[in-house]
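Subject: Handing over a structure, with notes on what was found

Dear colleague,

I am passing on the structure below, and I would be glad if you kept it open while reading the notes that follow it.

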Amino acid sequence: MSGPYFIRGSVSLPEAELMWRFSRSSGPGGQHVNTSDSQVELRFDLASTEALPEVWKARALERLASRLVGGVVTVRASEHRSQWRNRETAAVRLATLLAEATAPPPKARRATKIPRGINERRLRVKKQRAETKRGRQGRDWG
C-alpha cells in the first residue's frame, strides 16, 4: 500500500482493520488473467471500528445502511490488470465513500420572501403582454 488513506482531516483508514480478498478478474489480460488473482474486494467493519469519531460513525452507518451487510461495507475493484493497482483503487474508493458518508449535513435553506419590486414588475410585464394579445383579436384585416 502507498500509505494511509485519509477520510477527512487527520482521520485515516486503519490498515489493521482492512480485510482484503483476491479473486480472478474477468476482462482483458490474455493467459495471465487465468492464473492471477487481480480482482480485489476490500471489506471494512464500520460497525465495530474505533478509528472514526462516534458522530461520524453513526452518520455513516445511517447513510450507508443499504450497502452494509452485518455492519461491514465492501468495495470491489477489477478494472486494472495488476492486483496492486486494484488494491490502490479499492482503498481510494473506500476512503471517498466514507468521506461522503461522514460529511456533515448541508445547511438548511432559509426561505426568503420575493421582493415586492420583482413581483410588481412581473405583473406589469404580464399585463402588457395580455394587452398586446388582446389588441390582435376581433379585427377585420380583410
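A salt bridge, in the sense used here, is a side-chain nitrogen of Lys or Arg within 4 Å of a carboxyl oxygen of Asp or Glu. Please bear in mind throughout that this is a predicted model. With that definition, the structure holds 5 salt bridges, and a few of them are described here together with the sheet.

Let me begin with the sheet, which is open and is formed by 3 strands in the order S3-S4-S5, with antiparallel pairing. Its edge strands are S3 and S5, each of which pairs on one side only, and neighbouring strands are turned against each other by 20° on average when direction is ignored. Between S4 and S5, which run antiparallel, there are 6 bridges, and in this part of the sheet Arg43 stands opposite Thr74 in S5. Helix H2 packs on the sheet and touches S3, S4 and S5, while its direction makes about 140° with that of S5.

Which residues do the salt bridges join into one network? Taking the pairs in turn, the side chains of Arg21 and Glu41 meet in a salt bridge, at 3.2 Å from N to O; this pair links distant parts of the chain, since Arg21 belongs to strand S3 (residues 18-23) and Glu41 to strand S4 (residues 39-45), 20 residues apart. Glu41 also forms a salt bridge with Arg76, where the closest N and O atoms are 3.0 Å apart. Because Glu41 lies in strand S4 and Arg76 in strand S5 (residues 72-77), this pair ties together parts that are 35 residues apart in sequence.

As for accessibility, Glu41 counts as buried because its relative accessibility is 7%, which is under the cut-off of 20%, whereas Arg21, at 51%, counts as exposed, the cut-off there being over 50%.

A further salt bridge is formed by Glu79 and Arg93, with the closest N and O atoms 2.5 Å apart. This pair too links distant parts of the chain, with Glu79 in the loop between S5 and helix H2 (83-102), Arg93 in helix H2, and their positions 14 residues apart. Both partners are partly exposed, Glu79 with a relative accessible area of 48% and Arg93 with one of 34%. To return to the question above, the salt bridges that share partners join Arg21, Glu41 and Arg76 into one network.

With best wishes

Notes:
Residues are numbered from 1 along each chain as its sequence is written. This is a predicted model: local features need pLDDT of at least 70, side-chain atom pairs count only at pLDDT 80 or more; totals for chains, interfaces and linings use all residues. Side-chain values use heavy atoms; hydrogens and water are left out. Helices (H or I, at least four residues) and strands (E, at least two) are DSSP runs, numbered from the N terminus. Buried means under 20% relative accessible area, exposed over 50%, partly exposed in between (1.4 Å probe, protein chains only). Two strands pair if DSSP finds at least two bridges between them. Axes are lines fitted to C-alpha atoms, for helices over the stretch in contact, and angles run from 0 to 180 degrees between N-to-C directions. Contact means heavy atoms within 4.5 Å.
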